[in-house]
Amino acid sequence: MSEAQPQTVDVGQLPVEQLTNLREQLENEIQHPASSLEQLIRAANQYNDSNRCLESIKSGNEGKETLIPLTSSLYVPGKLGDSKSVMLDIGTGYFVERTPKQAQEYVKRKIDLLKSNIEDVRKAVAMKKRNFEVVSMVLRQKQQMAAQQTAQAAQS
């Protein structure tokens, strides 16, 4: 079975109506990945925050007063308990017990994965933006040509 190859279309050959529809479609296709990009960046920032917290867990810090983050902007006072293990949220409500070092390794892998995904989404958004600009430019040119032809016909 052969794989479908992406088709290329010469946008210069499309009528104004199809160019307008294509432009709107591309504009919508840009908005979704852009919001996904923001979510990926937020997730990477949360993992970076978690990594900083994990770095502060040392055996000498047991029993010390600290602020426990409940959300990104809400902290409650607490004491650091056992520094030999942490509970790690691995998603969908599952937690595993790991050493701080193992947790840091997990967080690093997640950050690396998110960075890779962020780069992929940025490339996709950039490509769609370039396509949007090309279609917009051709559409403007065709509209200008149509306006000139209308003006010339009115003078005749």
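How many residues apart in helix α1 are Asp-49 and Arg-52? They sit 3 residues apart, about one turn of the helix. That pair turns up in one of the close-ups below, and everything shown comes from a predicted model.

**View 1. Asp-49 and Arg-52 pair up within helix α1.** Here we're looking at a salt bridge between Asp-49 and Arg-52, with the closest N and O atoms 2.2 Å apart. Asp-49 is partly exposed, at a relative accessible area of 39%. The count of salt bridges in the model comes to 3, and the next two views take up the others.

**View 2. Lys-108 and Asp-112 make a salt bridge in helix α2.** The N-to-O distance between these two side chains is 3.0 Å. Lys-108 and Asp-112 are 4 residues apart, so about one helical turn separates them. How open is each partner? Lys-108 counts as exposed because its relative accessibility is 51%, and the cut-off for that label is over 50%. Asp-112 is partly exposed, with a relative accessible area of 36%.

**View 3. Lys-128 and Glu-29 bridge helix α2 and helix α1.** This salt bridge has an N-to-O distance of 3.1 Å. The pair ties together distant parts of the chain: the two residues are 99 residues apart, with Lys-128 in helix α2 (residues 100-155) and Glu-29 in helix α1 (residues 16-55). Both ends are partly exposed, Lys-128 with a relative accessible area of 22% and Glu-29 with 27%.

**View 4. Ser-136 is a buried polar residue in helix α2.** Ser-136 has a relative accessibility of just 3%, so Ser-136 counts as buried. What does the side chain of Ser-136 make a polar contact with? Its partner is the side chain of Arg-23, at 2.9 Å.

**View 5. The largest nonpolar core draws on helices α1 and α2.** Nine residues make up this core: Val-11, Leu-14, Leu-19, Leu-26, Ile-30, Phe-132, Val-135, Val-138 and Leu-139. The elements that give two or more residues to it are α1 and α2, and α2 supplies the largest share, with 4 residues. Zoom in on Val-138 and you'll find Val-138 touching Val-11, Gly-12 and Leu-19, leaving aside residues up to four places away in sequence. Apart from this core lies another one, of 8 residues, including Leu-54, Ile-57, Tyr-106 and Val-107.

**View 6. Asn-45 and Ile-111 come together from separate stretches of the chain.** Along the chain these two are 66 residues apart, yet their C-alpha atoms are separated by 8.6 Å. Asn-45 lies in helix α1 and is partly exposed, with a relative accessible area of 42%.

**View 7. Ile-68, Leu-70, Leu-74 and Val-76 form a nonpolar surface patch.** The patch covers about 320 Å². One of its members, Val-76, is found in strand β2 (residues 75-79). Is Val-76 buried, exposed or partly exposed? At 30% relative accessibility, Val-76 counts as partly exposed.

Conventions. Residues are numbered from 1 along each chain as its sequence is written. This is a predicted model: local features need pLDDT of at least 70, side-chain atom pairs count only at pLDDT 80 or more; totals for chains, interfaces and linings use all residues. Side-chain values use heavy atoms; hydrogens and water are left out. Patches are made of residues with over 30% relative accessible area and no salt bridge: like charges are joined within 9 Å, nonpolar side chains (Val, Leu, Ile, Met, Phe, Trp, Tyr) within 5 Å. Accessible areas come from the Shrake-Rupley method with a 1.4 Å probe; for residues, only the protein chains shown count as cover. A salt bridge is a side-chain nitrogen of Lys or Arg within 4 Å of a carboxyl oxygen of Asp or Glu. Buried means under 20% relative accessible area, exposed over 50%, partly exposed in between (1.4 Å probe, protein chains only). A polar contact is a pair of N or O atoms within 3.5 Å; within protein, one must be able to donate a hydrogen and the other to accept it, and residues adjacent in sequence count only if both atoms are side-chain atoms. A nonpolar core is a set of buried Ala, Val, Leu, Ile, Met, Phe, Trp, Tyr and Cys residues joined through side-chain atoms within 4.5 Å. Contact means heavy atoms within 4.5 Å.
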